[in-house]
Amino acid sequence: AVAGVGESAACAAVTNLVSRDLLRLAEGTPYYSFRHPFLRMLLYANLDPCWRMAAHRRAQALLAERGASAAEQAHHIECSLAGPSAEDLAVLTRAAREALQTDPRAAAHWLRLALRVLPPDRRGGGAQAADGNEIRLLLARALGISGQLAESRDLLHEILRAVPSGPSGRQGADQGRADQCGSERGGPGRPGLRVEALTLCALVECLLGRYEEARALLLAELELVGTDRPLDRVALIVEHGIIGVFDGRPTEADHIEYALDVARAHGERTLLVGALALAGLNAALRGDRAEALRTVSACASLVDGLPDADLARIPQHLAALAWTETYLGRTDASERHFNRSLALTDRAGQRHVRPLLLVGLSVTCYRVGRLTEAQRLAVEAKETAREIGAQHVRGLALALNSLCTSWIDPRASRA
């Protein structure tokens, strides 16, 4: 089927190649392979380019007919790109989504190809650009997860320039072409494309140590988002507040009250987790320990009743709760929530969040005197932060590692 010849001709050709010892039966299978990989490479390089592209297309069609994975099909699409194609776009985007959790670099590769086959009517401005912006957002996420934080940030800023603020900025999520792009967004309570890009951009900026830039992005958008988009406003408020967990600046009380009211009114439990965690932190910072404990207990009960699938979308909200619990001395609950968040991010492939969680868990262990464990977690956080390019977080982990060393081995800390 792939060679485009009849069965008799194919059998005769295989027999001839076997007799010349160019093909051999693969051990334990009914299939033949070239005697040496170099022979296959040599033959492939000297095939007629037009025939080779057509063969890849026939292979992709056969794989699709047999229900093969998108990644298997994507390889043949890559070797036979012929221009814009909605069908190729769907396969490449699906392959990227399948690879995002386990191999984000492969996902980024498929997404770059997807942008090359994007039909012209989806590259323009306005609603026509919905698919392109969806793919760019997914690419930015893949780059961030794989450690290319600066490139991810640059791409996110491109998306923010392309997607207008206001109601039209929602079209990528609320009216995206799920059949072509394989979009999983746009469900109840999910933010619009621009807001999702903004919150991801703010997280990336924080990982790079650019807290002021992250704050400025979110505050500027809050001024533009109207009250007719309450869930988008709450998403921005919560993400802005989470920055305060890391740089010690509390969220405005009226913003937290608004977020709590809207999240409760809309039954948005994932947003409510973030709002309650921030409310508890604010109460603790102003010295109202009783209110802080009451709010954090309510947040913890809500988290413990949520399925992993919901919490996997908001690991930073769970981290905010765990950090607040550490601050209040609820170390058992804090450790449990940090560990759950780490497990969720591992399964979801959110490697960029992991160093922040490891630092938090290390601090929790340090506060209860488990210094060896705290040091081990700090070292792991340092290495993970180095791998993804989060130098600011790496600095925090280094400082924590040094602090643990000063208690475990004072002589080593003076060396």
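**Reading cavities, pockets, rings and cysteines**

Me: How many residues line the largest cavity, and which lie nearest its centre?

Reply: Rolling a probe the size of a water molecule over the atoms shows where empty space is left. Here the model is a predicted one. Its largest cavity has 13 lining residues, and L203, E239, I242, F246 and Q316 are those nearest the centre. Four elements each give two or more residues to that lining: α11 (193-207), α13 (230-247), α18 and α20 (354-367).

Me: What volume does the largest cavity have? And which classes of residue line it?

Reply: The volume is about 110 Å³. Sort the lining by class and you get ten nonpolar residues, two polar and one charged.

Me: How many cavities of 30 Å³ or more are there?

Reply: Two reach that size. The second largest cavity holds about 40 Å³ of space. Its lining is C206, L207, Y211, F246, L356, H392, V393 and L396. So look at F246: it is listed for the second largest cavity and also lies nearest the centre of the largest one.

Me: Which element gives the largest share of the lining of the second largest cavity?

Reply: That is α22, with three residues. Both α11 and α22 (391-408) supply at least two. By class, seven are nonpolar, one is polar and none is charged.

Me: Now the open spaces. How much space lies in the largest pocket?

Reply: Read a pocket as you read a cavity: start with the volume, then the lining. The largest pocket holds about 1300 Å³. There are 29 residues in its lining, and V2, A3, L23, Y32 and F34 lie nearest the centre.

Me: Which element gives the most to the lining of the largest pocket?

Reply: α1 does, with seven residues. The elements that supply at least two each are α1 (7-19), β2 (32-34), α2 (37-45), α3 (49-65) and α4 (70-78). The lining has 21 nonpolar residues, five polar and three charged.

Me: On to the rings. How many aromatic pairs are there?

Reply: For a pair, check the distance between centres, then the angle between planes. The count here is one aromatic pair. W323 and F338 form it: the ring centres are 5.9 Å apart, the planes are at 85 degrees, and the pair is edge-to-face. This pair links distant parts of the chain, with W323 in helix α18 (residues 315-328) and F338 in helix α19 (residues 331-348), 15 residues apart.

Me: Are W323 and F338 buried or exposed?

Reply: Both W323 and F338 are buried.

Me: Which charged residues lie over the face of a ring?

Reply: Here you look for a charged group above the ring plane. R52 lies over the face of Y44, 4.9 Å from the ring centre. R233 lies over the face of Y258, at 5.4 Å from the ring centre.

Me: Last, the cysteines. How many disulfides does the structure hold?

Reply: A disulfide is a covalent bond between the sulfur atoms of two cysteines. This structure holds zero. Take C201: it is in no disulfide, and the nearest cysteine sulfur, in C206, is 9.9 Å away. C201 is buried, with a relative accessible area of 0%.

Me: Why is C79 not bonded to C50?

Reply: Distance settles it. C50 has the closest cysteine sulfur to that of C79, but the two are 15 Å apart, too far for a bond. C79 is partly exposed, because its relative accessible area is 26%.

Technical notes: Residues numbered from 1 in each chain as written. Predicted model: local features only at pLDDT ≥ 70, side-chain atom pairs only at ≥ 80, totals over all residues. Heavy atoms only, no water. Phe/Tyr/Trp six-rings, centres within 6.5 Å; stacked < 30°, edge-to-face > 60°. Buried < 20%, exposed > 50% of the residue type's maximum accessible area, 1.4 Å probe, protein only. Lys NZ or Arg CZ within 6 Å of the ring centre and 35° of its normal. 1 Å grid on protein atoms, 1.4 Å probe; cavity = no way out; pocket = protein on both sides within 12 Å on 5 of 7 lines; lining within 4 Å. Points joined across faces, edges and corners; volume = space filled by probe spheres on them. Nonpolar A, V, L, I, M, F, W, Y, C, P; charged D, E, K, R; others polar. Disulfide = S-S within 2.5 Å.
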